[in-house]
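Hi there,

Here is the structure I promised to pass on. Have a look at it first, and then read on for what turned up in the side chains.

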Amino acid sequence: MSILLATTLVLQLLSGGNATMTVDTEKGGKILSLKYQNTEVLSQSRWPESFGSTFWTSPQKEWNWPPVPEFDKAAYSVDHQSHNHLAISSPTSERLGLSVHKDFTVDSLGGAFVITYSIKNESTEPRRVAPWEITRVANREGSVIFFEAPVDSIWPAGLMTFQAAEGAAWYTPDEAPSNRKVNADARGWLAYSADGLLLVKQFADLKPGEPAPGEAEVQVYVNRGRSYIELESQGAYTLLQPGASLSWTVRWLLRPISVEAKPSAALRQLVQSLSADSR
């Protein structure tokens, strides 16, 4: 398992591992690639806002669109780099008065990429903000997205077809002429399976009232056609005094599997076993 910079520097995190994460410090500190051996998990589309994994601040209504350039596209400074650790920082957003720090490590025992995001209030006024990770995968047949939530609680209703099975909500990617996005109060994890791989992302389970206004712990965005899908998760909406920071950690577990990517007890049990192993 290793982390690579998109520059010439290679960070070896676990010798002999088969999972590789590539981070581009020059373009928004994005995770450009996540591979198991030669199989790519993340979307490699080159259209803007359609590839890799990025990080934004929530709620979106505070900046609307496009994404805040200091967080999403500007070069990040490298604060620390070694064979098992990468720490990078964004410029301060003049518009929001916030800065972002990303810390990448590997849990050698749990076999996970561990990413801790921090948001710092660089302004002279209190600010409320929540962390938000956006991970893009290709919208392909033979894949499935799932998380623990009642299907009838996913909102807005009727935009995407979720199946209730094995205590989880399952979405088999489909095709439509319009963009769609749903929200859910999940239970601290979000999973994606395709091409014989299982990706599980783990994060703090939010209580009701903790997400930012109009946002949610888990979100799934499907771009029109069969282009790409965003797997999104958010942390708690937090009041930051001037100079204060919040931190939020996401664990990425990537495993080869022999289970078909469809709703099943076997796939659900794999997620449960990974969650138990990571505790």
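Let me start with Glu62, which is partly exposed, with a relative accessibility of 30%. Keep in mind throughout that this is a predicted model.

What does Glu62 pair with? Its side chain meets that of Arg127 in a salt bridge, at 2.8 Å from N to O. Glu62 sits in the loop between β6 and α1 (69–72), while Arg127 belongs to strand β11 (residues 127–138), so the contact ties together parts that are 65 residues apart in sequence. Unlike its partly exposed partner, Arg127 is buried, at a relative accessible area of 17%.

Strand β11 turns up again with Arg136, whose side chain forms a salt bridge with Glu230 (3.0 Å, N to O). This one also links distant parts of the chain: Glu230 is in strand β19 (residues 228–234), 94 residues from Arg136 in β11. Are these two buried or exposed? Glu230 is buried at 6% relative accessible area, and Arg136 is buried too, at 0%.

Another salt bridge to look up joins Arg180 and Asp174, at 3.1 Å from N to O. Here Arg180 is buried, with 7% relative accessible area, whereas Asp174 is partly exposed, with 24%.

There is also a network: Lys30, Glu49, Asp72 and Lys73 are linked by salt bridges. The count for the structure comes to 13 salt bridges.

Now for the rings. The structure holds 12 aromatic pairs. One of them is Phe55 with Tyr117: the ring centres are 4.3 Å apart and the planes are at 10 degrees; that angle is under 30 degrees, so the pair counts as stacked. Where do the two rings come from? Phe55 is in strand β6 (residues 53–58) and Tyr117 in strand β10 (residues 112–121), so far along the chain from each other that 62 residues separate them. Both sit under the 20% cut-off for buried: Phe55 has a relative accessible area of 0%, and Tyr117 comes in at 2%.

Two more things are worth finding on screen. Trp56, Trp63, Trp65 and Trp132 form one aromatic cluster. And Arg46 lies over the face of Phe51, at 4.3 Å from the ring centre.

That's the tour. Shout if you can't find something.

Cheers

Technical notes:
Residues are numbered from 1 along each chain as its sequence is written. This is a predicted model: local features need pLDDT of at least 70, side-chain atom pairs count only at pLDDT 80 or more; totals for chains, interfaces and linings use all residues. Side-chain values use heavy atoms; hydrogens and water are left out. Rings of Phe, Tyr and Trp (its six-membered ring) pair if their centres lie within 6.5 Å; planes under 30 degrees apart count as stacked, over 60 as edge-to-face and the rest as tilted. Helices (H or I, at least four residues) and strands (E, at least two) are DSSP runs, numbered from the N terminus. Buried means under 20% relative accessible area, exposed over 50%, partly exposed in between (1.4 Å probe, protein chains only). A charge sits over a ring if NZ of Lys or CZ of Arg is within 6 Å of the ring centre and within 35 degrees of the ring normal. A salt bridge is a side-chain nitrogen of Lys or Arg within 4 Å of a carboxyl oxygen of Asp or Glu.
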